[in-house]
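This briefing is intended for reading alongside the sequence and the coordinates. It is grouped by topic, beginning with the cysteines.

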Amino acid sequence: MTGDHYFTAEPSTAAVPREVEFSVAGRDYTLTSAGGVFSADRLDPGTAVLLRKADLPAPGTTGDLLDLGCGFGPITCVLADTAPAATVWAVDVNERARALTAANAARTGAADRVRVTAPDAVPDSVTFAQLWSNPPIRIGKDELHRLLLRWLPRLAPDGVAWLVVARHLGGDSLHRWLVEQGWQVERRASQKGYRVLRVTR
């Protein structure tokens, strides 16, 4: 065992590469993952529910989309594929995750439309038409709240955020908290113990 978590900036776990295969909206993906990143061995079940139950961007979607906590890049690659006219910002504190996402974006032909960056490197002027996240619940409630309070206000006025949270890890309490903060929240789906939340202003 190591002290590494998927939210570690510089993981010390051996970066043993592996292939992760999954399908979304009729397209098959094969991405490269590695130790020391979130859900290194498979598409995380919550991410799978999010990509299956949320409204993927339409082909004509433009502007900036955010994958918050991109891991090795499955959401980023799906967004870039379904919205080829948009720019996808892939944000993660984990440098290995960022490197994998950049490589996977190139592998899927989307390198020119994906910006992979650390959180603090996103220009303040950028606002997002959509925010997608399987947020890092295990950083703790206070840190999670700070994370969302930092990024949700960067939605464009008509923007939408899609979040997936396991019910047993506080999906319903997060729903209530977001409403208390003044956001409009709809539980779009509940599947396999996960809540898919649609968040707007």
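In this predicted model, Cys 77 counts as buried because its relative accessibility is 2%, under the 20% limit. Cys 70 likewise counts as buried, at 4% relative accessibility. The structure nevertheless holds 0 disulfides. The points below take up the cysteines, the helix that contains Cys 77, one helix pair, two residues with positive phi, and two further positions.

**Cysteines**

- A disulfide is a covalent bond between the sulfur atoms of two cysteines.
- The cysteine sulfur closest to that of Cys 70 belongs to Cys 77 and lies 9.5 Å away, which is too far for a bond because a disulfide requires the two sulfur atoms to be within 2.5 Å.
- Cys 77 is accordingly in no disulfide, its nearest cysteine sulfur being that of Cys 70.

**Helix α2**

- Helix α2 spans residues 74–82, and 8 of its 9 residues are buried, so the helix is largely enclosed by the rest of the structure.
- Cys 77 is one of these buried residues; the others are Pro 74, Ile 75, Thr 76, Val 78, Leu 79, Ala 80 and Thr 82.

**Helices α4 and α5**

- Two packed helices are described by the angle between their axes and the distance between the axes.
- The axes of α4 (residues 141–151) and α5 (residues 171–180) come within 12 Å and cross at roughly 45°.
- At that angle the two helices are oblique to each other, because the value falls neither under 35 degrees, where helices count as roughly parallel, nor in the range from 65 to 115, where they count as roughly perpendicular.
- The crossing of α4 and α5 is right-handed.
- On the α4 side, Leu 144, His 145, Leu 148 and Leu 149 take part in the contact, and they meet Leu 174, Trp 177 and Leu 178 of α5.
- Classed by residue type, this contact between α4 and α5 comprises 6 nonpolar residues, 1 polar residue and no charged residues.

**Residues with positive phi**

- Most residues other than glycine have a negative phi.
- Ala 25 has a positive phi, near 50°, although it is a residue other than glycine.
- Ala 25 is placed in the loop between β1 (17–24) and β2 (27–34), and it is exposed because its relative accessible area of 71% is over 50%.
- Lys 192 also has a positive phi, near 55°.
- The loop between β8 and β9 (194–200) holds Lys 192, which is exposed at a relative accessible area of 67%.

**Arg 187 in strand β8**

- Arg 187 belongs to strand β8, residues 184–191.
- With a relative accessible area of 40%, Arg 187 is partly exposed.
- When its neighbours within four places in sequence are left aside, Arg 187 is in contact with Asp 172, His 175, Arg 195, Val 196 and Leu 197.
- Arg 187 and Val 16 stand 171 residues apart in sequence, and their C-alpha atoms are 37 Å apart in space.

**Glu 95 in helix α3**

- Glu 95 is found in helix α3, which covers residues 95–107.
- Its relative accessible area of 40% makes Glu 95 partly exposed.
- Glu 95 and Val 116 are separated by 21 residues in sequence and by 10.0 Å in space, C-alpha to C-alpha.

Note on methods: Residues numbered from 1 in each chain as written. Predicted model: local features only at pLDDT ≥ 70, side-chain atom pairs only at ≥ 80, totals over all residues. Heavy atoms only, no water. Buried < 20%, exposed > 50% of the residue type's maximum accessible area, 1.4 Å probe, protein only. Helix = DSSP H or I, 4+ residues; strand = E, 2+ residues; numbered from the N terminus. Axes fitted to C-alpha atoms, helices over the stretch in contact; angles between N-to-C directions. Parallel < 35°, antiparallel > 145°, perpendicular 65-115°, else oblique. Left-handed = near helix turned anticlockwise from the far one by under 90°. Contact = heavy atoms within 4.5 Å. Nonpolar A, V, L, I, M, F, W, Y, C, P; charged D, E, K, R; others polar.
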